[in-house]
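Biologist: Please take a close look at a single part of this model, one helix and what surrounds it. After that, go on to the ring contacts and the unusual backbone spots.

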Amino acid sequence: MMELSVTRKQMEFIRSTAFETLFGGAAGGGKSYAQLIDALVFALTYPRSRQLMLRRTFPELRRSLIQVSLDLYPSDCAVYKESVHRWIFANQSILEFGFCDSENDVTKYQSAEYDVIRFDELTHFTEFQFTYLLSRIRGVNGYPKQVKSSTNPGGVGHHWVKERYIDRLVPGEESGGRLFLPAKVTDNSFLMASDPEYLQRLHLLDEQSRRALLHGEWDLFEGQYFPEFSREIHVQEVPDIPTGWRRYLAIDYGLDMLAALWIALDGEGTAWVYREVYQSGLVISEAAQRILEAERPGEVIDQRLAPPDLFARRQETGRSAVEIFAEHGLYFEKAAGDRIQGWYALKEYLHPFRGTQGERTARLKISPRCRNLIRTLPALQYDPNRPNDAATQPHELTHAPDALRYFTATVRVAGGAPSHGLLEREVDAFLAYGVGDGAL
């Protein structure tokens with residue numbers, strides 16, 4: 001029998017009490033092993049409990065989960081019945097192995113009841129299969145009822161899994177009964193010790209496969225406008241912001257959505273997006289109130305940036321949006337509005353480089369609580385009619401990235417340090433007409 005040892009991240013998965021837990025990310029993170037250990041602990045803890053562990057096909061099931069369980073599970077407390085693919089424990093708990101080759105294979109579990117259903121490689125399943133099987137988690141025995149899943153990025157279910165867990169959740173924080181635990185190969189100390197060349201083999205993969213399997217990145221697809229974006233690099237807890245850092249507010253506003261981003265710029269030229277407001281259906285006075293409510297008492301914002309269209313006076317009222325914002329205590333300056341130059345500036349902020357300790361880093365960091373920016377920024381695609389521009393559809397994806405673009409277009413990275421105000425080419429144009437610095 002193998003020694004039952006687990007890593008810290010595997011223990012987090014085992015101890016999770018959330019109704020839905022996803023242990024996902026890089027290959028080699030010990031996810032399937034964690035499933036088997038968790039299933040064993042549950043079976044021994046709750047007599048007569050029933051669990052179902054799934055892979056998409058039986059060959060995958062046989063060469064991975066079943067084979068490992070035969071080496072792992074102690075024969076003095078459980079017997080494996082190969083004819084029905086079940087472990088039957090001395091306390092009459094059952095762990096059943098199953099598979100769903102086709103979309104409608106899930107209906108064979110129509111009359112079954114389980115305390116826990118476990119999906120190994122969840123992204124190999126469709127959303128229909130997953131939600132249908134959730135209805136099989138039921139019973140009156142008082143035991144915990146859970147669905148526990150493990151997976152790598154990619155596969156037929158990549159997008160729905162990403163939307164359900166990755167885009168909506170802060171890693172390690174349960175919300176709405178769901179928990180996402182990111183997995184990295186370096187978390188698996190046992191694999192690193194027994195097969196130190198595994199990392200080198202992952203490095204031989206093509207770039208997209210390497211980013212998915214080595215780094216566990218979910219934001220990868222054809223036509224992506226910002227392939228530079230990496231949660232590993234760009235999503236990071238924001239440190240306490242000292243008084244010396246400049247603070248900015250950049251907004252994109254319409255009745256369909258207010259997207260407001262608060263950004264702090266440190267002394268090294270790194271921009272930290274530390275807060276967002278993302279809400280639809282607000283008139284300007286309500287939007288102003290929502291922004292002011294989000295800011296802390298005494299918080300000083302050095303510059304507030306709004307897109308050029310909000311400075312245009314409306315024919316029916318004779319007033320601009322920024323004038324109405326000003327009436328409610330918010331004073332905005334005009335952001336640089338050139339789309340392509342703004343996107344290029346944002347790419348400079350996102351561009352990864354090696355830090356002083358050799359780590360991959362960038363000059364843009366986003367708080368994990370800015371969920372809508374994290375969700376929409378990597379989802380932007382190229383505009384098929386303007387290959388240098390980002391697509392404006394689906395429109396819901398554009399609001400938070402546009403707000404960030406107004407900041408990066410106006411406060412640019414230049415030689416590792418930011419430059420403030422208008423784009424350099426616009427400054428040159430002003431100077432060519434004899435406009436002095438005072439006018440700027």
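**Helix α5 and its surroundings**

Modeller: The buried residues of α5 pack against β1 (20-25), α4, β8 (178-183), α9 (231-234) and α13 (371-376). This is a predicted model. Seven of the nine residues of α5 are buried, so the helix is largely enclosed by the rest of the structure. The buried ones are H158, W160, V161, K162, R164, Y165 and I166; the list includes charged side chains, K162 and R164 among them.

W160 also takes part in a ring contact. The structure holds 21 aromatic pairs. In one of them, the ring centres of F130 and W160 are 5.1 Å apart and the planes stand at 40 degrees, so the pair counts as tilted, a class that lies between stacked, under 30 degrees, and edge-to-face, over 60. The pair links distant parts of the chain: F130 belongs to helix α4 (residues 127-134) and W160 to helix α5 (residues 158-166), with the two positions 30 residues apart in numbering. Both F130 and W160 are buried.

Another pair is formed by Y225 and F226, with 4.9 Å from centre to centre and 85 degrees between the planes, which is edge-to-face. Y225 and F226 are buried as well. Elsewhere, ring pairs join Y73, Y80, W87, F89 and F97 into a cluster.

Rings also meet charges. The charged end of R136 sits over the ring of Y132, at 5.8 Å from the ring centre. For R275, the charged end sits over the ring of W262, 5.1 Å from its centre.

Now the backbone. H85 is not a glycine, yet has a positive phi of about 55 degrees. H85 lies in the loop between β3 (78-81) and β4 (86-89). With 22% relative accessibility, H85 counts as partly exposed, because the cut-off for buried is under 20%. Q92, also not a glycine, has a positive phi of about 75 degrees, and is found in the loop between β4 and β5 (94-99). Q92 is partly exposed, at a relative accessible area of 45%.

One peptide bond remains to be mentioned. Q393 and P394 are joined by a cis peptide bond, with omega about -5 degrees. P394 is found in the loop between β18 (386-390) and α14 (399-410).

Technical notes. Residues are numbered from 1 along each chain as its sequence is written. This is a predicted model: local features need pLDDT of at least 70, side-chain atom pairs count only at pLDDT 80 or more; totals for chains, interfaces and linings use all residues. Side-chain values use heavy atoms; hydrogens and water are left out. Rings of Phe, Tyr and Trp (its six-membered ring) pair if their centres lie within 6.5 Å; planes under 30 degrees apart count as stacked, over 60 as edge-to-face and the rest as tilted. Helices (H or I, at least four residues) and strands (E, at least two) are DSSP runs, numbered from the N terminus. Buried means under 20% relative accessible area, exposed over 50%, partly exposed in between (1.4 Å probe, protein chains only). A charge sits over a ring if NZ of Lys or CZ of Arg is within 6 Å of the ring centre and within 35 degrees of the ring normal. Contact means heavy atoms within 4.5 Å.
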